[in-house]
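Hi everyone, thanks for coming. I'd like to walk you through the empty spaces in one protein model today, so let me put it up on the screen.

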Amino acid sequence: MSSMAFNHRRGLNPYLSPYTILDCGDIPVSPFDNALALQQMSEAFLELGSRSPALAQGKTPKPKLLTLGGDHSVALPALRALNKIHGGPVAVLHFDAHLDTWNPAKYTSAWESAQSDYNHGSMFWIASNEGLILNGSSAHAGLRTRLTGQSWADYVDDDRQGFLRISSDDIDDMGTKGIIDAIIGRIGLETPTYLSIDIDVIDPGLCPGTGTPEPGGWTSRELIRIIRGLEDLNVVGADIVEVAPAYDGTGEQTALTAAQLGFEIMTNWVGRAMGRMESGTESKTGNKEEL
């Protein structure tokens, strides 16, 4: 893999750099108990993210975790861990067809329980109410979801949680560069940021392997171009989620797109770190940093 991973866009091979990329494997979680699974993931993210990296001096960053899923609710334990690791809330950059800031009460059901509040459409609502998200420095991108009820109440609630909304249609007028500039203008380049990519932000004609497809999405090329343009963001953790192999095409195009996005995120992390090292803002050493 490392011998065929030179990223021509950035001019580097993330696997052959001063930084070490490790596969931490799967987090063992209960499939029968949402509360227990949440606790297991939260403890695992905290333990992994708290480990001392190889370059543990100067301004060297902490290890960065890229989570691959699966259900989008994994973002909640990741944000809980980041809050403890970084000592406060972080911004969220959320690529998705859907808001995912819905109050759990809006999910109608004849049977309600505390565990049912933990789902893939309410994790940012929970995180916001727990003070895990920087209000006013976060953004959604690629939105095209239907809303609940008969009003703009979902947007009002989303505003309260401090998210900028960039719709899927906006790319027609703004272009990829306009989307990139709007995100950077909202978040800034130094704010600790959690990057969350729901694969359904891409049109289901290109990425059918997901559980809640929404027509009218971006192309894989557009999203990859946007991610590449965000290298200078201070991304401290990321996920790529809602990939459902059972619904994918025979060419596994959804999985291939998710894998490419992961490669671009790791390239961004290495590129930003190497750029800061060259400018003297990071410690210089022959050892390797963990990503």
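Let me start with a question: which residues lie nearest the centre of the largest cavity? They are Leu65, Ala78, Leu82, Val236 and Gly237, out of 15 residues that line it. Strand E7, which runs over 235–241, is one of the elements giving two or more residues to that lining, along with H1, E2 and helix H2, residues 75–86. The largest share comes from H2, with five residues. By class, you get ten nonpolar residues, four polar and one charged. And the space inside is about 110 Å³.

Before going on, a word on how far to trust this. What we're looking at is a predicted model. The mean pLDDT of the chain is 89, and 91% of its residues reach 70 or more. There is one stretch to flag, though: over residues 283–289, pLDDT stays under 50. The model does have 24 contacts there beyond four places in sequence. Still, where pLDDT is low, the predicted coordinates should not be read in detail.

Okay, back to the holes. How many cavities of 30 Å³ or more does a search of the whole structure find? Two. The second largest has about 100 Å³ of space. Its lining includes Leu93, Leu195, Ile227 and Leu230, and also Ile265, Asn268, Trp269 and Arg272. Which element gives the most to that lining? That's H7, with four residues. The class split here is eight nonpolar, one polar and two charged.

Now for the pockets. The largest pocket has a volume of about 1200 Å³. Its lining takes in 40 residues, and nearest the centre you'll find Asp23, Gly25, Leu66, Thr67 and Leu68. Two of those names, Leu66 and Thr67, are worth finding on your screen, and strand E2, at 65–68, is among the elements supplying at least two lining residues. Helix H1, at 34–49, and helix H7, at 253–279, do so as well. As for chemistry, 25 of the lining residues are nonpolar, nine are polar and six are charged.

If you want to keep one thread in mind, follow the elements. H1 and E2 give residues to the lining of the largest cavity, and they supply the largest pocket too. H7 also contributes to that pocket, and it gives the most to the second largest cavity.

That's my tour, thanks for listening.

How values were computed
Residues numbered from 1 in each chain as written. Predicted model: local features only at pLDDT ≥ 70, side-chain atom pairs only at ≥ 80, totals over all residues. Heavy atoms only, no water. pLDDT = per-residue confidence, 0-100. Contact = heavy atoms within 4.5 Å. 1 Å grid on protein atoms, 1.4 Å probe; cavity = no way out; pocket = protein on both sides within 12 Å on 5 of 7 lines; lining within 4 Å. Points joined across faces, edges and corners; volume = space filled by probe spheres on them. Nonpolar A, V, L, I, M, F, W, Y, C, P; charged D, E, K, R; others polar.
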